[in-house]
Amino acid sequence: MKKRILAILLILILASSTFYCDGVELNDYEEYTIDEFPDWSWKLRRGESLFFGSLAITFPLTVLSYNLLESSSIISSTDNDITEFTYQISVAAVISLSIALADYIIGEME
């Protein structure tokens with residue numbers, strides 16, 4: 001009985017939250033200007049986007065490379081899956097960080 005009352009209460013809260021949003025108008029909305037943010041924040045945002053964007057590519061490639069090296073006995077296999085995952089994500093993060101740093105260095109040289 002308590003679960004039903006709680007479920008009905010949650011549904012009512014979630015359904016009624018849209019009523020509060022309907023009355024809001026954005027007539028006073030003002031777009032960002034070019035000078036609103038400092039240059040370092042633009043560079044940081046670009047580096048962040050490059051890091052996490054390249055992580056989506058470097059992580060699967062790192063897992064594939066790790067598994068190939070492990071199956072060819074170049075590196076020894078570990079019994080703990082968490083340790084393997086830590087190695088894989090660490091290598092992928094270092095590669096992604098080097099991509100972001102290389103982009104920053106190239107951008108500063110121009």
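How many residues apart are E48 and R45 in helix α2? I looked this pair up first, in what is a predicted model.

**Entry: the pair inside α2.** E48 and R45 are 3 residues apart, about one turn of the helix, and both belong to α2. I find their side chains joined in a salt bridge, with N to O at 4.0 Å. I then checked accessibility for both partners. E48 has a relative accessible area of 39%, so I list E48 as partly exposed. R45 comes out at 49%, and I list R45 as partly exposed too; the exposed class begins over 50%.

**Entry: the helix itself.** I compared the length of α2 with what its residue count predicts. Helix α2 covers residues 39–71, which is 33 residues, and at 1.5 Å a residue the span should be 48 Å. I get 47 Å between the end C-alpha atoms, which agrees. I also looked for a bend along α2 and found one of about 35° at L55. L55 is on my list of buried residues of α2 as well. Just after α2, I note that S73 has a positive phi of about 65°.

**Entry: the buried side of α2.** Which residues of α2 are buried? I list S41, F51, S54, L55, T58, T62, Y66 and E70. I then asked what these buried residues pack against. The partner is α3, residues 81–109.

**Entry: salt bridges.** I count 3 salt bridges in the structure. Opposite charges on side chains can pair when the charged atoms come close. The E48 and R45 bridge is described above; the other entries follow.

I looked up E108 and K43 next. Their side chains form a salt bridge with an N to O distance of 2.8 Å. E108 sits in helix α3 and K43 in helix α2, so this pair ties together parts that are 65 residues apart in sequence. E108 has 41% relative accessibility and therefore counts as partly exposed. K43, with a relative accessible area of 40%, is partly exposed.

I then took D103 and R46. The closest N and O atoms of this salt bridge are 2.8 Å apart. This pair also links distant parts of the chain, with D103 in helix α3, R46 in helix α2, and their positions 57 residues apart. Why do I not file D103 as buried? Its relative accessibility is 24%, so D103 counts as partly exposed; buried would need a value under 20%.

**Entry: α2 and α3 together.** I record that the buried residues of α2 pack against α3, and that salt bridges join the two helices through E108 with K43 and through D103 with R46.

Key:
Residues are numbered from 1 along each chain as its sequence is written. This is a predicted model: local features need pLDDT of at least 70, side-chain atom pairs count only at pLDDT 80 or more; totals for chains, interfaces and linings use all residues. Side-chain values use heavy atoms; hydrogens and water are left out. Helices (H or I, at least four residues) and strands (E, at least two) are DSSP runs, numbered from the N terminus. The expected span of a helix is 1.5 Å times one less than its number of residues. The bend at a residue is the angle between axes fitted to the seven residues ending there and the seven starting there. Buried means under 20% relative accessible area, exposed over 50%, partly exposed in between (1.4 Å probe, protein chains only). Contact means heavy atoms within 4.5 Å.
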